[in-house]
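Visitor: I should like to look closely at a single part of this molecule, namely a place where charged groups and aromatic rings come together. Could you begin there and then explain what surrounds it?

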Amino acid sequence: MTPAALAVVIPAHNEEHRIHACMRSVHTAVEHVTPMPVVIVVAADACTDATAAVAARAGAHVVNTPSRNVGAARAVGIDHALKLLADAGPDVWLAMTDADTTVPATWLTHQVAWARRGYDAVLGTIRLAPVTAGAFHVARHDADYFRTRPLKETEPIWEHPHVHGANLGVSAAAYLRVGGFASLPTGEDRDLAVRLFAAGYRIARTDRHAVHTAARLRGRAPGGLADLLASLHPAPHSPDSVRHRGPEPLGPVKPV
């Protein structure tokens, strides 16, 4: 598939202090795929702050939703994006990230390259920015997150087991055929990836365009990254580490 257009979809709940940095990074990524048509949609989910206004000023199409549910918000944002790109035909690529996340300049070019090679979805990785959680929590998280990554550059490329809504791409056709994002308060990204894999779609995992996401202890989605980080304080007199509660591999996929 060669995408005819791209949609970047970002759910946001009360992210007025972080959405501008996210948008700035997305615009930089968009510049690298010019002149391909791109729309940026922010799904302002039950916001009580200035998130929607900040996003609109930064050039996003804003759609409001009262759901307070990240799965529902992603679905609403994608529906709005596909309506905006109705004239682009069926070959639309959907790129997902989060409002507390910044993406690299190559974020969209890498996803487009995978789509052109015949892949239906791309699962990327994250890096934590110690905004609130601090270096201790980041180090504890990273020790487990990267435990399967090859230690040497000469070893096989990392076939990571992670699924993040903050760094996920999928063709609109595949997304619609498996039913899209479910209205789940957390885990909606893995739920979608499992259905894509079960349906036989080609899924690539890559560490080449990792995004940076806030490492905070009070998050927006129950059971999400913030709850994981908050759990990483070791128990008194306990040397045990906490295993990362990310998903297990979905099945054999092509790394990069």
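Guide: In this predicted model, the charged end of R74 sits over the ring of F181, at 5.9 Å from the ring centre. A second arrangement of this kind involves R117, which lies over the face of W114 at 4.3 Å from the centre of the ring. Let us take W114 as our point of departure.

What kinds of partner does the ring of W114 have? Besides the charge of R117, there is an aromatic neighbour to consider. The model contains three aromatic pairs. One of them is formed by W114 and Y119, whose ring centres are 4.7 Å apart and whose planes meet at 85°. The pair is therefore classed as edge-to-face, since that class requires an angle over 60 degrees.

Are the two members of this pair buried or exposed? W114 counts as buried because its relative accessible area is 4%, and Y119 counts as buried because its value is 7%. Both classifications follow from the cut-off for burial, which is under 20%.

The next residue to consider is R116, which belongs to helix α4. Although R116 and T2 are 114 residues apart along the chain, their C-alpha atoms are separated by 4.9 Å. With neighbours within four places in sequence left aside, the contacts of R116 are M1, T2, P3 and M36.

Helix α4, which spans residues 107–116, also gives two or more residues to a nonpolar core, as will be seen shortly. As a general background, nonpolar side chains in soluble globular proteins tend to be buried together. Here the largest nonpolar core has 37 residues, and those with the most contacts inside it are I10 and L108. The elements that give two or more residues to this core are β1 (5–12), α1, β2, α2, β4 (92–96), α4 and β7. Among these contributions, the largest share is that of α1, with six residues. Another core, of 30 residues, lies apart from the largest one and includes V41, L85, A121 and V163.

L108 deserves a moment of its own. If neighbours within four places in sequence are set aside, L108 is in contact with L6, V8, A29, V30, V33 and A95.

Strand β7, named above as a contributor to the largest core, also takes part in a sheet. This sheet is open, has three strands in the order β5-β10-β7, and shows mixed pairing. Because β5 (101–102) and β7 (126–129) each have a single partner strand, they stand at the edges, and one side of each is left without a neighbour in the sheet. In general, strands of a sheet pair through backbone hydrogen bonds, either parallel or antiparallel. For β5 and β10 (residues 211–214), the direction is antiparallel, and two bridges join them. One residue of β5 may serve as an example: T101 has T213 of β10 as its bridge partner.

A further buried site is provided by H160. This residue is placed in the loop between α5 (135–145) and β8 (168–171). H160 counts as buried because its relative accessibility is 0%. A polar atom of its side chain lies 3.1 Å from the backbone nitrogen of H162. The side chain of H160 also reaches the backbone nitrogen of T206, at 3.4 Å. Leaving aside neighbours within four places in sequence, its contacts are L123, G124, T125, R205, T206 and D207.

The loop between α5 and β8 also holds R149. R149 is eleven residues from H160 in sequence, and their C-alpha atoms are 7.1 Å apart. In contrast to the buried H160, R149 counts as partly exposed, at 34% relative accessibility.

Finally, some loops show notable backbone geometry. In the loop between α1 (19–31) and β2 (38–45) one finds P35, which is joined to T34 by a cis peptide bond with omega of about 10°. A46, in the loop between β2 and α2 (51–57), has a positive phi near 50° although it is not a glycine. A46 counts as partly exposed because its relative accessibility is 26%. R68, in the loop between β3 (61–65) and α3 (70–84), likewise has a positive phi, of about 50°, without being a glycine. R68 is also partly exposed, with a relative accessible area of 40%.

How values were computed
Residues are numbered from 1 along each chain as its sequence is written. This is a predicted model: local features need pLDDT of at least 70, side-chain atom pairs count only at pLDDT 80 or more; totals for chains, interfaces and linings use all residues. Side-chain values use heavy atoms; hydrogens and water are left out. Helices (H or I, at least four residues) and strands (E, at least two) are DSSP runs, numbered from the N terminus. Buried means under 20% relative accessible area, exposed over 50%, partly exposed in between (1.4 Å probe, protein chains only). A polar contact is a pair of N or O atoms within 3.5 Å; within protein, one must be able to donate a hydrogen and the other to accept it, and residues adjacent in sequence count only if both atoms are side-chain atoms. Contact means heavy atoms within 4.5 Å. Rings of Phe, Tyr and Trp (its six-membered ring) pair if their centres lie within 6.5 Å; planes under 30 degrees apart count as stacked, over 60 as edge-to-face and the rest as tilted. A charge sits over a ring if NZ of Lys or CZ of Arg is within 6 Å of the ring centre and within 35 degrees of the ring normal. Two strands pair if DSSP finds at least two bridges between them. A nonpolar core is a set of buried Ala, Val, Leu, Ile, Met, Phe, Trp, Tyr and Cys residues joined through side-chain atoms within 4.5 Å.
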